[in-house]
Every structure is written in C-alpha cells, then in structure tokens.
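Here is a short briefing on one structure. Two topics are covered: an enclosed space and a helix pair.

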Amino acid sequence: MKSNAFRYMFAGLAVAATATIPFGAARADAVWEPERPVRIVVPYGPGGSSDVIARAIGAEMAKGLGQAVVIENKGGSQGVIAMQDVARARPDGYSLVLGHVGTLAVNPAMMPNLPYDVKKDFAPITLLAKVPMIFAVSAQVPVTTFEAFIEMARKQPGQLNYGSAGNGSAGHLAFEMLKTATGIQVQHIPYKGTGAQITDLIAGRTQAASAGTPGLLPLAKAGQVHIIAVGSRKRLEVLPDVPTVAERGYPGFESSQWFGLLAPAGTPQPVIDRLNQEALKALRSASVQTRLEHDSSEMVGWGPQKFASFIDDEAVRWGKVVRQANLQSN
C-alpha cells in the first residue's frame, strides 16, 4: 500500500511539473514540430530584395516544417512596425522577422529612442544572404553612365532626388555613402518600400536610386532605368559591362545589404535549432539557389551565434556611416 501511495504521489508531481511548462514551449530534449502556419514578417513592402528572399526561403522552409510559411509585408517607420510586431509576439516559433542591415545595424545609430532592442528583444536564427547594391538612374534622365550622373549632380547641387525603400534602408545608406565619397548633393525621398520607390523612379519623379538587383534588374531589361554602377568589390556576372563605384575613382567603396531570420527573445533553443536547420536546407535547395544566383545574391547560412556576432560588427560599421553623413530619423 505504501509503495502504491508513493507511486501516485510521484505521478501527481510529474503531472504538476508538466503543467508548468508554458503552452507552445519546446522541451530541451524535443524536436520542435510546428502545429500551425509560421509567419515571416518583412519590414518593407512587396517588390524589393527583402520580399523576394523571404518568399523564396519561406516556400522551401514550408516543405521541411510541414506547415505553410506566410509572408507578411509590414512597411513603414524604418522597419520599426515589423520589428515591434515580432518582438512582442509569443516566443513559440510561429512569428519570425526578416532582419535587415537597416533594422538591425542602422536604426540603432539613427534612432536614439528606438522602441526595440536588437540584443534583448530578438533571438538570431541565421544570416541568409548578402545582396550587392546597384545604382540606377531613371530612363527619363538624360544620362546613362556613372560619370555623366555625377557631373550632372555637381552642376545641379540639391536639385536632383533619389528614392529609397525608407529611412535607414540599404538603398538610403548606399546613396549616402556615395554622396560622401563623391561630394555630390542629392536629396533623399523615403518611401514605404521598394515598390512605391520604383514607380516614381520609372516616371522620372525621382532621378536615381540604389537597391538590390531583384528590384532594379527587371527595370533595366525593360529599358525603364539605366544601371550606372554596382556597389560590390567586383563586377557582377549579370552586369559584366557595368563598372563598380570603386573602379570609377573611389577605391575601397563597397555597399551591400544582408538579410537574416530572427525570432522573439526567449524562443526555446529546440525551436531555434529547428528553424535554423530548415533555413539552411532551404538555402541548399535548387529553387532558392537559382533565385538568389539570378539576383547576384551571396548565400550564407550561419549558426545563431555567428549571426549574432555579425550583427554586432555591422552595427559598428554602419554606425560610422550614419555619423559621417549626419543622418537622423524623421
């Protein structure tokens, strides 16, 4: 009788202990299996590099997770809306954000009252890809080369405009870096995403832009813009005749954007590990490789700790650019 009583007592304690595990949390020794769709929040509107990469990766991750991966575009406020959304979400693996050089490395330098903390509010999963920045002018502008655009800008200081996907976006920083290097004065027009920016670029309401290849290459092929330079260290295979900014007299110039997945802080390690595993599998898939290679993107795929260190290093690098250009949030 006494042994039975002890068995019942221990069984009751086990049930009580299990009941204290938060709903949706994963045990340390368990493999996380999602039971409903996972969403990836993109801090910019449809049409840009962020959107293209998120959709390509999400489609492949869905196969491995056995659940749909839904892409939610939440542009505006320099990516703050999307970042806050995920920072406040339950840390259960069902809400992720596509982190970006702007939201993770630039905003902390540009926004003294940033309403999220990169280190405290997020758990890095993996760096997905790096995308070189390219510089383009509208076909409505009477120049087609880098040298001609710089000359035109110098003759009309402050009269030309360039658009970007928003304050603190990679396009914004790349063009500010170009302004610092060349000494030109060009006005910045921020948009809520690459799609809206491109519409005005095509119409000639803005004269120039910098963005990743996914947003600008199709426009160049259609004759709607002229690509005048690339921000990478070497020329791109898809644009063999387009010079780098560095080789046009500005040695050391380099500008690229990068993208990675993050979850809310406090997400259980088994969940982070599973999401990292599926993201890396997605990067190795033929469809994602074809998509990223088409856009001259460099596939990465790191562990969470290496990605976290990379974010720290990039925050230092881009913080210097923000201070040198005296950039401030609107």
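**Cavity and helix packing**

The lining of the largest cavity is mainly a matter of polar side: by class it has 14 polar, four nonpolar and one charged residues. The model is predicted. The points below take the cavity, then the contact of helix 4 with helix 12.

**The cavity**

- The structure holds one cavity of 30 Å³ or more.
- The space in the largest cavity comes to about 150 Å³.
- Its lining is built from 19 residues.
- Nearest the centre of the largest cavity lie Ser49, His100, Ala165, Thr194 and Gln257.
- Three helices each give the lining at least two residues: helix 2 (49-65), helix 7 (170-182) and helix 8 (194-203).
- Strand 7 (208-212) also supplies at least two.

**Helix 4 against helix 12**

- Helix 4 spans residues 101-110, and helix 12 spans residues 304-325.
- Their axes come within 8 Å and cross at roughly 45 degrees.
- An angle from 35 to 65 degrees counts as oblique, and helix 4 and helix 12 are therefore oblique to each other.
- The crossing of helix 4 past helix 12 is right-handed.
- From helix 4, the contact uses Val101, Leu104, Ala105, Val106, Ala109 and Met110.
- Helix 12 brings Phe307, Ile311, Glu314, Ala315, Trp318, Gly319 and Val322.
- By class, the residues of this contact are 11 nonpolar, one polar and one charged.

Note on methods:
Residues are numbered from 1 along each chain as its sequence is written. This is a predicted model: local features need pLDDT of at least 70, side-chain atom pairs count only at pLDDT 80 or more; totals for chains, interfaces and linings use all residues. Side-chain values use heavy atoms; hydrogens and water are left out. On a 1 Å grid over the protein atoms alone, a cavity is a set of points where a 1.4 Å probe fits but cannot get out, and a pocket is an open set with protein on both sides within 12 Å along at least five of seven lines; lining residues have an atom within 4 Å of a point. Grid points are joined across faces, edges and corners, and a volume is the space filled by probe spheres set on the points. Helices (H or I, at least four residues) and strands (E, at least two) are DSSP runs, numbered from the N terminus. Ala, Val, Leu, Ile, Met, Phe, Trp, Tyr, Cys and Pro count as nonpolar, Asp, Glu, Lys and Arg as charged, and the others, Gly among them, as polar. Axes are lines fitted to C-alpha atoms, for helices over the stretch in contact, and angles run from 0 to 180 degrees between N-to-C directions. Angles under 35 degrees count as roughly parallel, over 145 as roughly antiparallel, 65 to 115 as roughly perpendicular and the rest as oblique. A crossing is left-handed if the near helix is turned anticlockwise from the far one by less than a right angle, and right-handed if clockwise. Contact means heavy atoms within 4.5 Å.
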